[in-house]
Amino acid sequence: GKAHYVRCVKPNNHRRAHDFDSANVIRQLRCSGVTETVRARRAGWPVSHTFAEFTHRYSEIYMKITKKKRPESLNPILQDLLKDPENWRIGTTKVFLRDQASSMLEERYKTYRQECKLLLQARARATLQQRKYMKYGSASLCIQKNYRMWAAVHRRKQLKSATLALQQRAKMLVAMRRFQSQCRGGRLLQAGAKRSVARKNHVAQRSGARRLGAASRRAVKNDNYVQLLKDVIRKEREERIRREEEERRQKLEAAERAKAEAEAAAKKEAEAKGQKLCEQASACLDVNKVSEAWELLSLAKESFKTAGTKEHDEILEKLKVRIEKAEDRQQSKSEGEKYLVEAKRALREGKIEAAKTAINQAKTKIERSLDATIADEVTKVVTEIQSIEDKARYTKQGEDASEDASGCILQNDLDG
C-alpha cells in the first residue's frame, strides 16, 4: 500500500498541558502548507459524488425538509439544500461540491442520522415498556382472577354450609310437625275406622238377613222366570254367533271380489299393453325396423300371456308372418343391392357375363323385396347390358361382313 506520513503540530514550545499558542500553531500550519491547501480547497470543488451516491445519501434529508416525494434526479436536492449555484457543479457522471457546502450537507446528514437513531431508540424503548406493561397487566389480571375465584369459592362454601344447616333444621322441624300431625290423624283414623267397621258389619248382617229372606221367597216364586231368562240369553248368544259368521262370510266375499277385480284389471291392462305393442310393431314394419318389431312382438306375447287370453294368438301369428316377410324382403333387398353393386363393378371392368349373372340374381332378389327404387336401378343396368351386347353383336356382324367383302374382292367376285 501507499506510505502515509503524519505531521504533528506543537501547541506550545514549553511542553505544558492545556496551553495553546495560536500564533505558534498558525505559523506551523502556514510553514507546512496546510493553510494554502485549505485555501485551494475552498477556491475549488474538492468533494465529488456520483449521481446515484448523491441521490441515495441526501434524498432522505430532502424529503424530510421539503415534505416532498423522493426525487428522480439530483437537481431538486441541490436547488433546495444548496441555494447558491456557486457551491456545486454537475459533471458528466459526478456532482462536485465546495468544501463548505459539503460540510453543511454532512452536518445535516449526521443530524438526520442522529434523529433517526433517537427515533428508533424511542420506538424500541416504547415497545419494550409496552410489552412490560402488558406483561404486568396480564399478571395483575391473573392475580385478580385467581383471587376473585378463591373468594367466590370460599363464599360459596360458606353459603353452602349455612344453607345445609338451615335445610337440616327446617327439615327436622317439618318432619317433627308432620309426625305429630300423623300421630293425631292416626288416632282419629283408627277410631273412625273402628266405628265404621262396626256400623258396616251391623248393617251388612241386617241387610243380608233381609236379602236372604227375599231371595228365598223369590226363588220359590220365579223358577219359570229363570228358565225364560236362560232361553233369552241362549237365543241372544246364537244370534250374535250368526251375525259374526255372516260378517266373516261377507268379508271373505269382499276380499275375493276385490282380488278378482284386481286380476281382471291387470289382465285388461296387459291386454291393452299387448295391443299397443302390436300396433307399435306394425308401425315399425311400415318403416322397415324389423329388429324393433321382433322385440315388440316378444313383449306383446308376454303381455298376452300375462292376460291369459288366447283370442289374440291369431293376431300375433299374422304379425309374426308379416315380420318374417319383412325380414325376408330386407334380406333380399340387401342381397339384391350387393348383386347390383357386383354387376355395376363387372360392367366397369367389361365382364359382361359376370354382370349378366349378377344382375339376374339381383333381379330375383329385388322382385322378392318389392323395392321399386332398386328395381329401377336394376332395369337401368339390364338396359345398359343389352345395349352393350347389341353394340358388340352389331360390331361383330360388321366385322364378318367386312371379312366376307374382302374375300369376294380377292376372288374377283364383285357380285358377291
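Mentor: A residue is called buried under 20% relative accessible area, exposed over 50%, and partly exposed in between, with a 1.4 Å probe and protein chains only. The model is predicted, so local features need pLDDT of at least 70 and side-chain atom pairs count only at pLDDT 80 or more, while totals for chains, interfaces and linings use all residues. Residues are numbered from 1 along each chain as its sequence is written, and side-chain values use heavy atoms, with hydrogens and water left out.

Trainee: Why is aspartate 231 called partly exposed?

Mentor: Its relative accessibility is 26%. Partly exposed is the class between under 20% and over 50%, therefore aspartate 231 counts as partly exposed.

Trainee: What makes the pair of arginine 234 and aspartate 231 a salt bridge?

Mentor: A salt bridge is a side-chain nitrogen of Lys or Arg within 4 Å of a carboxyl oxygen of Asp or Glu. For arginine 234 and aspartate 231 the distance from N to O is 3.8 Å, so the pair meets the rule. Both residues lie in helix H6 (residues 223-286), three residues apart, about one turn of the helix. Helices here are DSSP runs of H or I with at least four residues, numbered from the N terminus. Asp231 and Arg234 are also linked with Glu238 in a network of salt bridges.

Trainee: How do you know that arginine 243 and glutamate 239 are separated by about one helical turn?

Mentor: They are four residues apart in helix H6, which means a separation of about one helical turn. Their side chains meet in a salt bridge at 3.8 Å, N to O. Arginine 243 has a relative accessible area of 43% and is therefore partly exposed; glutamate 239, at 31%, is also partly exposed.

Trainee: What makes arginine 16 and aspartate 19 a salt bridge?

Mentor: Their side chains meet at 2.9 Å, N to O, and this value satisfies the cut-off already given. By this rule the count comes to seven salt bridges.

Trainee: Why is glutamine 28 called buried?

Mentor: Glutamine 28 has 15% relative accessibility, so it counts as buried. Its place is in helix H1 (residues 22-32). Leaving aside neighbours within four places in sequence, glutamine 28 is in contact, meaning heavy atoms within 4.5 Å, with Cys8, Val9 and Lys10.

Trainee: Is glutamate 399 buried or partly exposed?

Mentor: At 46% relative accessibility, glutamate 399 counts as partly exposed. Its place is in helix H10 (residues 372-410).

Methods: Helix = DSSP H or I, 4+ residues; strand = E, 2+ residues; numbered from the N terminus.
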